[in-house]
Structure formats: C-alpha cells, structure tokens
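I opened this entry to keep a record of what I looked up, one topic at a time. The sequence and the model come first, and my notes follow.

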Amino acid sequence: SVASEQVVHIDVLITADTNEWPADGEDQARAAVLSAFASMSIGDDVRLFKITSAVSGIAGIITITPRAKIGSAPGIGDTLNITITITQIATFAEGDIDITVTLV
C-alpha cells in the first residue's frame, strides 16, 4: 500500500547578531532544514531537534525556536515533535518552511 503523505509546515524563529548574520542566512537556514529531513522514511517522526541542529552552524545565531505542524502554518504552541505512524510519511517543501530572523 501507499503511505499517506503528511505535509509538514515549519517555522524557524532565529535571533542573530547583526554583525555576524550572513546576507543569505535565511536561504542557508531553509536549505539546512530541507537537507535535515531529506531522508525521511515511512513512520519517521518529525523531531524538532533536527531543525535546531541543522541551522545552528550558521554564523551569528543566538537563539533558535523551531515550530512544526501538519497541514497548516504552526502557531506558538507547536513546539513538540510530530508523531508519524507506520502508514504515514512526512513531506517537506521549500515553500512550507518559513524563516524569521530578528537581528540584535
């Protein structure tokens, strides 16, 4: 049978140092998130630490707050891992990943 696709929307809220944050930092963060989840298989849970780990290497980052939700944009309370069953697969698209950077 075919796994049911679960479209995951991700928001990454980043606080970064103005003097260190690269001009293409948002693009780097989005690419890092996509790469972190590129090898998802059926039944693999969406673990938010993968987002934090993926973007933490970008210069200037002070804090990272990842949020994720299936089917629509995540809100303030969507900071927990997402459980994916053995009949589902999490899917990710560049357009479903929002990066918000506050420079300090």
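**Ala29 and its surroundings**

I began with Ala29 and, leaving aside its neighbours within four places in sequence, I found it in contact with Ile14, Val55, Ile58 and Ile99. I keep in mind throughout that this is a predicted model. Ala29 is found in helix α1, and I list Ala29 as buried because its relative accessible area is 0%, where buried means under 20%. For one of these contacts I also looked up the backbone: the C-alpha atoms of Ala29 and Ile14 are separated by 9.5 Å, with their positions 15 residues apart along the chain.

**Helix α1**

I next checked the length of helix α1, residues 25–36, and noted that its 12 residues should span 16 Å at 1.5 Å a residue, which agrees with the 16 Å between its end C-alpha atoms. Which residues of α1 are buried? I noted Gly25, Ala29, Arg30, Ala32 and Val33. Seen down the axis of α1, these buried residues fall within an arc of 160°, so I describe them as lining one face of the helix. They pack against β1 (4–16), α2 (48–55) and β4 (97–103), whereas the face turned away from the buried side carries Asp27 and Ser35, which are exposed.

**Salt bridges**

I then went through the charged pairs, and the structure holds two salt bridges. In one of them, Arg30 pairs with Asp27, with 3.7 Å between the closest N and O atoms. Both Arg30 and Asp27 lie in helix α1, three residues apart, which is about one turn of the helix. I entered Arg30 as buried because its relative accessibility is 15%. In the other, Arg47 forms a salt bridge with Asp45, the closest N and O atoms being 3.5 Å apart. Here I noted Arg47 as partly exposed, at 36% relative accessibility, and Asp45 as partly exposed too, with a relative accessible area of 25%.

**The nonpolar core**

Turning to the largest nonpolar core, I noted that it has 23 residues, of which Val8, Ile10, Val33, Phe37, Val46 and Phe92 touch the most other members. At least two residues of this core come from each of β1, α1, α2 and β4, and β1 supplies the largest share, five residues. I followed Ile10 further and, leaving aside its neighbours within four places in sequence, found that its contacts include Val33, Phe37, Ile51, Pro74, Phe92 and Ile97.

**The aromatic pair**

How many aromatic pairs did I find? The count comes to one aromatic pair. The rings of Phe37 and Phe92 have their centres 4.5 Å apart and their planes at 15°, so I recorded the pair as stacked. This pair links distant parts of the chain, since Phe37 sits in the loop between α1 and α2 and Phe92 in the loop between β3 (88–91) and β4, 55 residues apart. Both Phe37 and Phe92 are buried.

**Ile89**

My last look-up was Ile89, whose place is in strand β3. Not counting residues up to four places away in sequence, Ile89 touches Ala3, Ser4, Glu5, Gln6, Met40, Ser41, Ile42 and Ile84. For Ser4 I also noted the backbone separation: the C-alpha atoms of Ile89 and Ser4 are separated by 6.1 Å, although these residues are 85 residues apart along the chain.

Key. Residues numbered from 1 in each chain as written. Predicted model: local features only at pLDDT ≥ 70, side-chain atom pairs only at ≥ 80, totals over all residues. Heavy atoms only, no water. Helix = DSSP H or I, 4+ residues; strand = E, 2+ residues; numbered from the N terminus. Expected span 1.5 Å × (residues − 1). Buried < 20%, exposed > 50% of the residue type's maximum accessible area, 1.4 Å probe, protein only. Arc of directions from axis to C-beta. Contact = heavy atoms within 4.5 Å. Core = buried A, V, L, I, M, F, W, Y, C linked by side-chain atoms within 4.5 Å. Salt bridge = Lys/Arg side-chain N within 4 Å of Asp/Glu carboxyl O. Phe/Tyr/Trp six-rings, centres within 6.5 Å; stacked < 30°, edge-to-face > 60°.
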